Amino acid sequence: MIEWFGGGENALSMLIPLVGICVIVVAERVTWTNRAKRYVLPAFVLWFGLRAVIGLEQGPIVSLPPPIGLLLAVSLLVGFLSLLLYGFYVLWAGRDPIASRA
């Protein structure tokens, strides 16, 4: 089944966004994440989807048609970058300026 996603290297690269998803879910239970879950969690989900599409394209069994796979990968990448950057902006704009001076 690992070969469906292009081998072990792609399967390991899919673990990075999965760890990010787990960290955000666990961190919300421990501390206040300042609305990071609203933007950063969907960004990590889109990143995981991008890695899954790339792995499926490199795998031997399941492959998407060429224009659909490319458009899907590009849209997932654009969505990931926009959500991640907007999430960082929201976190930066919502910080306490007095607390950051100390």
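**View 1. Leu-12 sits in helix H1, which covers residues 8-13.** The model shown here and in every view below is predicted. Leu-12 is exposed, because its relative accessible area is 56% and the cut-off for exposed is over 50%.

**View 2. Leu-12 joins four other residues in a nonpolar surface patch.** Its partners are Leu-15, Leu-18, Val-19 and Val-23. Together the five side chains make a patch of about 440 Å². Which helix gives the largest share of this patch? Helix H2, residues 15-30, does, with four residues.

**View 3. The whole protein is built from helices.** The secondary structure comes to five helices and zero strands. Read from the N terminus, the order of elements is α-α-α-α-α. The protein has 102 residues, and 30% of them count as buried. Its accessible surface comes to about 6900 Å². Carbon and sulfur atoms account for 74% of that surface. How are contacts spread along the sequence? Take the contacts between residues at least 6 apart in sequence: 68% of them join residues at least 24 apart.

**View 4. Tyr-39 and Tyr-86 form an aromatic pair.** A search of the whole structure finds four aromatic pairs. In this one, the ring centres are 5.0 Å apart and the planes meet at 85°, so the pair is edge-to-face. Tyr-39 belongs to helix H3, residues 36-58, and Tyr-86 to helix H4, residues 66-93. The pair therefore ties together parts that are 47 residues apart in sequence. Is Tyr-39 buried or exposed? Tyr-39 counts as buried, at 16% relative accessibility. Tyr-86 is partly exposed, with a relative accessible area of 41%.

**View 5. Trp-47 and Phe-80 form a tilted pair.** Their ring centres lie 5.4 Å apart. The planes are at 35°, so the pair counts as tilted. This pair also links distant parts of the chain. Trp-47 is in helix H3 and Phe-80 is in helix H4, 33 residues apart. Trp-47 counts as partly exposed, at 23% relative accessibility. Phe-80 has 11% relative accessibility and counts as buried, because the cut-off for buried is under 20%.

**View 6. Three tyrosines gather in one aromatic cluster.** Which residues form the cluster? They are Tyr-39, Tyr-86 and Tyr-89. Tyr-39 and Tyr-86 are the edge-to-face pair of View 4.

Definitions and conventions: Residues are numbered from 1 along each chain as its sequence is written. This is a predicted model: local features need pLDDT of at least 70, side-chain atom pairs count only at pLDDT 80 or more; totals for chains, interfaces and linings use all residues. Side-chain values use heavy atoms; hydrogens and water are left out. Helices (H or I, at least four residues) and strands (E, at least two) are DSSP runs, numbered from the N terminus. Buried means under 20% relative accessible area, exposed over 50%, partly exposed in between (1.4 Å probe, protein chains only). Contact means heavy atoms within 4.5 Å. Accessible areas come from the Shrake-Rupley method with a 1.4 Å probe; for residues, only the protein chains shown count as cover. Rings of Phe, Tyr and Trp (its six-membered ring) pair if their centres lie within 6.5 Å; planes under 30 degrees apart count as stacked, over 60 as edge-to-face and the rest as tilted. Patches are made of residues with over 30% relative accessible area and no salt bridge: like charges are joined within 9 Å, nonpolar side chains (Val, Leu, Ile, Met, Phe, Trp, Tyr) within 5 Å.
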